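The exercises below ask the reader to work through one chain, a few residues and elements at a time. Each task sentence is followed by a solution that goes step by step.

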Amino acid sequence: MFDFAFSIFPVLFSLVFLLVFGIILYTVIKSIAQSRKNAASPRVTAPATLVAKRHSVHTSGTGQDNMTMHHTYNNYYITFEFESGDRMEFSVPSDIYGLSVEGDRGKLRFQGTKFISFERT
């Protein structure tokens with residue numbers, strides 16, 4: 001019984017390691033591909049209305065010597081609506097998020113999925 005457990009453990013450990021490594025590699029490649037696609041996209045300036053704001057909070061923790069350290073990450077998103085009725089959501093810095101109000105109208109500048117600026121009119 002124990003021989004089977006000791007013989008299967010290295011295989012399972014290797015599979016889990018490869019799975020985690022694969023997920024990390026996929027995420028890095030996807031991020032690089034999105035950055036390249038944004039860089040190749042034209043910069044667009046269009047009239048838009050801010051229609052929604054949202055944020056998400058993620059907490060991670062690590063334990064060490066009976067002490068747990070937590071770190072909180074905040075992500076901020078703003079959704080704009082164009083005159084055509086199309087909508088796009090962008091990840092924005094906290095200062096842009098904090099100074100923005102739903103209903104604001106202005107000129108939105110973006111490149112692909114990358115937010116550049118929003119000038120209120």
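Two strands are said to pair if DSSP finds at least two bridges between them, and helices (H or I, at least four residues) and strands (E, at least two) are DSSP runs, numbered from the N terminus. The model is predicted, so local features need pLDDT of at least 70 and side-chain atom pairs count only at pLDDT 80 or more, while totals for chains, interfaces and linings use all residues. Residues are numbered from 1 along each chain as its sequence is written, and side-chain values use heavy atoms, with hydrogens and water left out.

**Exercise 1. Describe how strand β4 is joined to strand β5.**

Step one is to find the two strands, β4 at residues 105-111 and β5 at residues 114-120, which run antiparallel and are joined by 6 bridges. Step two is to look at the connection, where β4 and β5 form a hairpin with 2 residues between them. Gly 112, in that turn, has a positive phi of about 65°. Step three is to name partners across the pair: Lys 107 stands opposite Glu 119 in β5, and Gly 106 has Arg 120 in β5 as its bridge partner.

**Exercise 2. Set out the order of the elements and decide whether the chain is spread out or compact.**

The chain holds 2 helices and 5 strands, and from the N terminus on the elements run α-β-β-β-α-β-β. The radius of gyration (taken over C-alpha atoms) is compared with the globule rule, which is 2.2 Å times the number of residues to the power 0.38. For this chain the radius of gyration is 22 Å, well over the 14 Å that the rule gives for 121 residues, so the chain is more spread out than a compact globule. Along its principal axes the C-alpha trace spans about 75 × 35 × 20 Å. Of the 121 residues, 18% count as buried, where buried means under 20% relative accessible area, exposed over 50%, and partly exposed in between (1.4 Å probe, protein chains only).

**Exercise 3. Identify the residues that make the nonpolar surface patch, and say where Ile 29 is placed.**

A patch is made of residues with over 30% relative accessible area and no salt bridge, nonpolar side chains (Val, Leu, Ile, Met, Phe, Trp, Tyr) being joined within 5 Å and like charges within 9 Å. Accessible areas come from the Shrake-Rupley method with a 1.4 Å probe, and for residues only the protein chains shown count as cover. The patch here, of about 790 Å², is made by Phe 9, Phe 13, Phe 17, Leu 18, Phe 21, Leu 25 and Ile 29. Ile 29 is in helix α1, residues 2-40, and Ile 29 is exposed, with a relative accessible area of 52%.

**Exercise 4. Follow Pro 42 to its contacts outside its neighbours within four places in sequence.**

Pro 42 lies in the loop between α1 and β1 (43-64), and Pro 42 is exposed at a relative accessible area of 60%. Contact means heavy atoms within 4.5 Å; with the neighbours within four places left aside, Pro 42 is in contact with Phe 110, Gln 111 and Gly 112. The C-alpha atoms of Pro 42 and Gln 111 are separated by 5.9 Å, although the two residues are 69 residues apart along the chain.

**Exercise 5. Locate the salt bridges of Glu 89 and Asp 104, and say how covered their residues are.**

A salt bridge is a side-chain nitrogen of Lys or Arg within 4 Å of a carboxyl oxygen of Asp or Glu, and the structure holds 4 of them. In one of these, Glu 89 meets Arg 54, with the closest N and O atoms 2.8 Å apart. That pair links distant parts of the chain, since Glu 89 is in strand β3 (residues 87-92) and Arg 54 in strand β1, 35 residues apart. Glu 89 is partly exposed at 38% relative accessible area, and Arg 54 is partly exposed at 39%.

In another, Asp 104 meets Arg 120, with the closest N and O atoms 2.9 Å apart. This pair also links distant parts of the chain: Asp 104 is in the loop between α2 (94-99) and β4, and Arg 120 is in strand β5, 16 residues apart. Asp 104 is buried, with a relative accessible area of 15%, whereas Arg 120 counts as partly exposed at 40%.
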